[in-house]
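Here's a quick walk through one protein chain, from its surface to its inside. Have the sequence and the model open as you read.

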Amino acid sequence: MTATTTAIKPEPRIGLALGGGGPLGGIYEIGALRALDEALDGLDFNNIDVYVGVNAGSFVAANLANQMTTAQLCRIFVRNEAEVHPFHTEVFYRPAFRELGSRLLAVPGLVTTAVRRFVNNPYDQSLLEALTILAQAAPAGLFDNEGLHEY
């Protein structure tokens, strides 16, 4: 006697992958998702199995995963109805002055360290190679994300 096994077909899983493109790319994605939401019956963008996003796509995906509907996203970011959620684009574009200032203040110490390393062992590396330590002074970004974090 042989046992028969029944292959259990798992439920289909749906993933959503959203690309970057900065603020305009995010607005485009919101508009496209809103159109799909209205056109496709039975698809709930707040109940997707996997969300993946890059740059603006990660922002849109995070909002969807946190139960913000495409209609809400459209009202906030496309139609700019601030009374729904007070979100303003300047939140994205606040310069990271504190970050830039602290990195600039680090430059003299980094130059001193580079020159000291070169002088102590000039055959180990060139002065130009020693100065690559200045890469540590490069800011992590041009814009401050604190406003977005608070939002």
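## Starting at Leu-127

Leu-127 sits in helix H5 (residues 127-130); helices here are DSSP runs of H or I with at least four residues, strands are E runs of at least two, and both are numbered from the N terminus. Is Leu-127 buried or exposed? Neither: with a relative accessible area of 37%, Leu-127 counts as partly exposed, a label for values between buried (under 20%) and exposed (over 50%), using a 1.4 Å probe and protein chains only.

This is a predicted model, so local features need pLDDT of at least 70 and side-chain atom pairs count only at pLDDT 80 or more, while totals for chains, interfaces and linings use all residues. Residues are numbered from 1 along each chain as its sequence is written, and side-chain values use heavy atoms, with hydrogens and water left out.

## A greasy patch outside

Leu-127 joins Val-111, Val-115, Val-119 and Leu-134 in a nonpolar surface patch with about 350 Å² of accessible area together. Patch members have over 30% relative accessible area and no salt bridge, and nonpolar side chains (Val, Leu, Ile, Met, Phe, Trp, Tyr) are joined within 5 Å; a salt bridge puts a Lys or Arg side-chain nitrogen within 4 Å of an Asp or Glu carboxyl oxygen. Helix H4 (residues 97-120) gives the largest share of the patch, 3 residues.

## The overall layout

From the N terminus, the elements go β-α-β-α-α-α-α-α, making 6 helices and 2 strands. Of the 151 residues, 22% are buried. The accessible surface is about 10,800 Å², with 58% of that on carbon and sulfur atoms (Shrake-Rupley method, 1.4 Å probe).

S1 and strand S2 (residues 50-53) pair in the parallel sense over 4 bridges; pairing takes at least two DSSP bridges. Leu-18 has Gly-53 of S2 as its bridge partner. Side chains alternate along S1: Leu-16 and Leu-18 point to one face and are buried, whereas Gly-15 and Ala-17 point to the other and are not.

## Two cores inside

The largest nonpolar core (buried Ala, Val, Leu, Ile, Met, Phe, Trp, Tyr and Cys joined through side-chain atoms within 4.5 Å) has 14 residues, and Leu-16, Leu-33, Val-60, Leu-64 and Leu-73 have the most contacts inside it. Strand S1 (15-18) and helices H1 (22-39), H2 (56-65) and H3 (70-78) each give two or more residues to this core, with H3 supplying the largest share, 4.

Beyond its neighbours within four places in sequence, Val-60 is in contact (heavy atoms within 4.5 Å) with Leu-18, Gly-26, Glu-29, Ile-30, Leu-33 and Leu-73. Another core of 5 residues lies apart, including Leu-110, Ala-130, Ile-133 and Ala-137.

How values were computed: Patches are made of residues with over 30% relative accessible area and no salt bridge: like charges are joined within 9 Å, nonpolar side chains (Val, Leu, Ile, Met, Phe, Trp, Tyr) within 5 Å.
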